[in-house]
Amino acid sequence: MDSADDTKDDVDSSPESDESEEMEVEASGEAETEERVYLPGEPIPEGEELVHDRSAYHMYYAAQAGAPCLSFDVIRDSLGDNRTEYPMTCYLVGGTQASRPRDNAIVVIKMSNMKKTYKEEEGDDDEDASDSDDDSVDEETPDFDTVHIQHDGGVNRIRTSPIEGRNIVSTWSDTGIVHIVDVGLHLKAGG
């Protein structure tokens, strides 16, 4: 028993333990302003707003295409998989759910000139300027080109698939009808 008490005393008196106790005290004093990760299913207190953590993304852009697009898909392109070089380009397709059925559309989107939006904080001032070139951030706005294709009813689900070199999009409408559209020409028209 004495050896266990000695071990406990050794652990409690270590500098790391003192630091962790100080951090616990500081954290408990700031519990009201502490940022934490939201887990789905947890209630959000009234007046609290969810905000994203910019450090979680190398590239983050918000875009709007008119009416809400609750279903979307990425259109495969020939620009290559596992891209790592900036600026980047992507093609998307979304289906709107407008309040009036005649206002719905399939939205073909080309987002290009997308650059890195997050720069890691530099801890050392001794780093070479050439090392920070990879982490540079450009505030320039990306190009956002859209083409709207009239759609009968709201789009409950949209999917795209390359079939025999063509970009085929299928939608399931809230009218219960499945629509199939070749968006290849619309991709060329969009930019």
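What pattern does the protein follow when read along the sequence? In this predicted model, the order is α-α-β-β-β-β-β-β-β-α, which comprises 3 helices and 7 strands. The points below cover the overall character of the chain, the surroundings of Ser71, and the second largest pocket.

**Overall character**
- The protein has 191 residues, of which 25% are buried.
- Contacts between residues at least 6 apart in sequence include a 55% share that joins residues at least 24 apart.
- The exposed surface amounts to about 14400 Å², and carbon and sulfur atoms account for 48% of that area.

**Ser71 and its surroundings**
- Ser71 belongs to strand E1, which spans residues 69-75.
- With a relative accessible area of 7%, Ser71 falls under the 20% cut-off and is therefore classed as buried.
- A polar atom of the Ser71 side chain lies 2.9 Å from the backbone nitrogen of Ile158.
- Ile158 is also one of the residues in contact with Ser71 beyond its neighbours within four places in sequence; the others are Val93, Gly94, Gly95, Asn156, Arg157 and Arg159.

**The second largest pocket**
- This pocket holds about 380 Å³ of space.
- Its lining consists of 15 residues, with Ala63, Leu92, Ile109, Met111 and Phe144 the closest to the centre.
- At least two lining residues come from each of E1, strand E2 (88-96) and strand E3 (105-114).
- E2 provides the largest share of the lining, with 4 residues.
- By residue class, the lining contains 13 nonpolar and 2 polar residues, and no charged ones.

Methods: Residues numbered from 1 in each chain as written. Predicted model: local features only at pLDDT ≥ 70, side-chain atom pairs only at ≥ 80, totals over all residues. Heavy atoms only, no water. Buried < 20%, exposed > 50% of the residue type's maximum accessible area, 1.4 Å probe, protein only. Polar contact = N/O pair within 3.5 Å; in protein donor to acceptor, adjacent residues only side chain to side chain. Contact = heavy atoms within 4.5 Å. Areas by Shrake-Rupley, 256 points an atom, 1.4 Å probe, with all protein chains shown as cover. 1 Å grid on protein atoms, 1.4 Å probe; cavity = no way out; pocket = protein on both sides within 12 Å on 5 of 7 lines; lining within 4 Å. Points joined across faces, edges and corners; volume = space filled by probe spheres on them. Nonpolar A, V, L, I, M, F, W, Y, C, P; charged D, E, K, R; others polar.
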